[in-house]
Amino acid sequence: MRRLLAAGLATGLAVLAAGQANARPLRIMALDQCADQYVLALAPDAELALSPRADDPDSWMRRQAAGHLQVRPTLEAAIGFQPDVVVRYWGGEPRLLAALEKRGTRVLNIEDATDFDGISADIRNVAAGLGQVERGRRLEQAMRDKLAAAVPQAAATRPGAVYLTAGGFTAGAGTLVDAMMRAAGFDNLTEKPGFGAYSVERIAMHPPMRFVLGFFDMLRSDWRGPGRHPVVWRAAQGKTAAQLPAAVLTCPAWFAADGVAIMAKGRS
């Protein structure tokens, strides 16, 4: 009888230990700043290893990153943390990604979305991979609600504007910035698709009707960039529809809708 009781007790303890192991929080490693945003929004109660840029000024979720572990996206860090899931946008060296694949670690990729449907797909993919479908649904709905609120009335005019960064770059068709401008009710005056340089000389000779400025809040970044040239500063006086903080521009995510809302306020 004692042997049966002992055996039963041992079995019960083993089952309890296994249950406790299975009940531990999911371990998620983010390999870059964009991945930080997704895991902080979708799985804040998981055990997180964020990137070193998680609390930088251009991180949308920088306040939520406080108190979480931050590690470099290296193989050594991954071995030490032992993640169940890894989330990435652009981060992760080939050696790390190959090792994770070999170990059977799930890797969730954030695709380079160029419109809001693409962002929705990213939210759904990462949310499903983290077992947070309902949180993902709410996040996507909040984005859609903000976009709907920013849509101009049918009779409203669509003013033209040029997007310009402190580094002197603009964005044309096929970029998320272009989709944001159109959602806010602007016509994008940048003719060439994709990203490209926008010269100071061109602004001096043919100043745009309006500017949408980006990354100008990063005072230590591109502080001598073409976008900060006195000619640009004078041209933008009284003609700046919006200044977008870097935090809404560094990642194809739901908070791009916040950038749309900022632009919509300067449409009139």
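The following questions and answers concern a predicted model of one protein chain.

Reader: How many helices and strands are there in the protein chain?
Author: The model is predicted. Of the 268 residues of the protein chain, 46% count as buried. The protein chain has ten helices and eleven strands.

Reader: Among contacts between residues at least 6 apart in sequence, what percentage join residues at least 24 apart?
Author: The count covers contacts in the protein chain between residues at least 6 apart in sequence. Of these, the part that joins residues at least 24 apart is 64%.

Reader: Which strands are at the edges of the open sheet of five strands?
Author: The order of this sheet is S3-S2-S1-S4-S5, and its pairing is parallel. An edge strand pairs on one side only. The edge strands are S3 (69–70) and S5 (106–109).

Reader: Which residue in S5 is the bridge partner of Val86?
Author: S4 covers residues 85–88 and pairs with S5 in the parallel sense. Four bridges join S4 and S5. The bridge partner of Val86 in S5 is Val107.

Reader: What angle does the direction of H2 make with that of S2?
Author: Helix H2 (residues 33–42) packs on the sheet of five strands. H2 touches S1 (27–30), S2 (47–50) and S4. Its direction and that of S2 make an angle of about 165°.

Reader: How many of the ten residues of H2 are buried?
Author: The buried residues include Cys34, Tyr38, Val39 and Leu40, and also Asp36. They pack against S1, S2, S4, H5 and H6. H2 is largely enclosed by the rest of the structure, because its buried residues number nine of the ten.

Reader: Are H5 and H6 roughly parallel or roughly antiparallel?
Author: H5 spans residues 116–129 and H6 spans residues 133–150. Their axes come within 8 Å and cross at roughly 160°. An angle over 145 degrees counts as roughly antiparallel. H5 and H6 are therefore roughly antiparallel.

Reader: How many charged residues are in the contact of H5 with H6?
Author: On the H5 side the contact includes Asp117 and Arg124, and on the H6 side Glu140 and Arg144. Nonpolar residues in the contact number nine and polar residues two. The charged residues number four.

Reader: Which strands stand at the edges of the open sheet formed by four strands?
Author: Here the order is S8-S6-S10-S11, with parallel pairing. Each edge strand has a single partner strand, so one side of each is left without a neighbour in the sheet. The edge strands are S8 (187–188) and S11 (240–244).

Reader: Which residue in S8 is the bridge partner of Ala161?
Author: S6 (residues 160–165) and S8 pair in the parallel sense. The pairing runs over two bridges. In S8, the partner of Ala161 is Asn188.

Reader: What angle does the direction of H7 make with that of S6?
Author: H7 packs on the sheet of four strands. H7 touches S6, S8, S10 (211–214) and S11. The direction of H7 makes an angle with that of S6 of about 145°.

Reader: At what angle do H7 and H10 pack?
Author: H7 (residues 176–183) and H10 (residues 256–265) have axes 8 Å apart. Their crossing is right-handed, and the two helices are oblique to each other. The packing angle is about 45°.

Reader: How many nonpolar residues are in the contact of H7 with H10?
Author: Leu176, Met180, Met181 and Ala183 in H7 meet Ala256, Gly259, Val260 and Met263 in H10. One residue of this contact is polar and none is charged. The nonpolar residues number seven.

Reader: How many of the ten residues of H10 are buried?
Author: H10 lies across S10 and S11, at about 155° to S11. Its buried residues pack against H5, H6, H7, S10 and S11. H10 is largely enclosed by the rest of the structure, because its buried residues number seven of the ten.

Reader: Is Gln82 buried or partly exposed?
Author: Gln82 lies in the loop between H3 (75–81) and S4. Its phi is near 55°, a positive value in a residue other than glycine. Buried requires a relative accessible area under 20%. The relative accessible area of Gln82 is 38%, so Gln82 is partly exposed.

Conventions. Residues are numbered from 1 along each chain as its sequence is written. This is a predicted model: local features need pLDDT of at least 70, side-chain atom pairs count only at pLDDT 80 or more; totals for chains, interfaces and linings use all residues. Side-chain values use heavy atoms; hydrogens and water are left out. Axes are lines fitted to C-alpha atoms, for helices over the stretch in contact, and angles run from 0 to 180 degrees between N-to-C directions. Angles under 35 degrees count as roughly parallel, over 145 as roughly antiparallel, 65 to 115 as roughly perpendicular and the rest as oblique. A crossing is left-handed if the near helix is turned anticlockwise from the far one by less than a right angle, and right-handed if clockwise. Contact means heavy atoms within 4.5 Å. Ala, Val, Leu, Ile, Met, Phe, Trp, Tyr, Cys and Pro count as nonpolar, Asp, Glu, Lys and Arg as charged, and the others, Gly among them, as polar. Two strands pair if DSSP finds at least two bridges between them. Buried means under 20% relative accessible area, exposed over 50%, partly exposed in between (1.4 Å probe, protein chains only).
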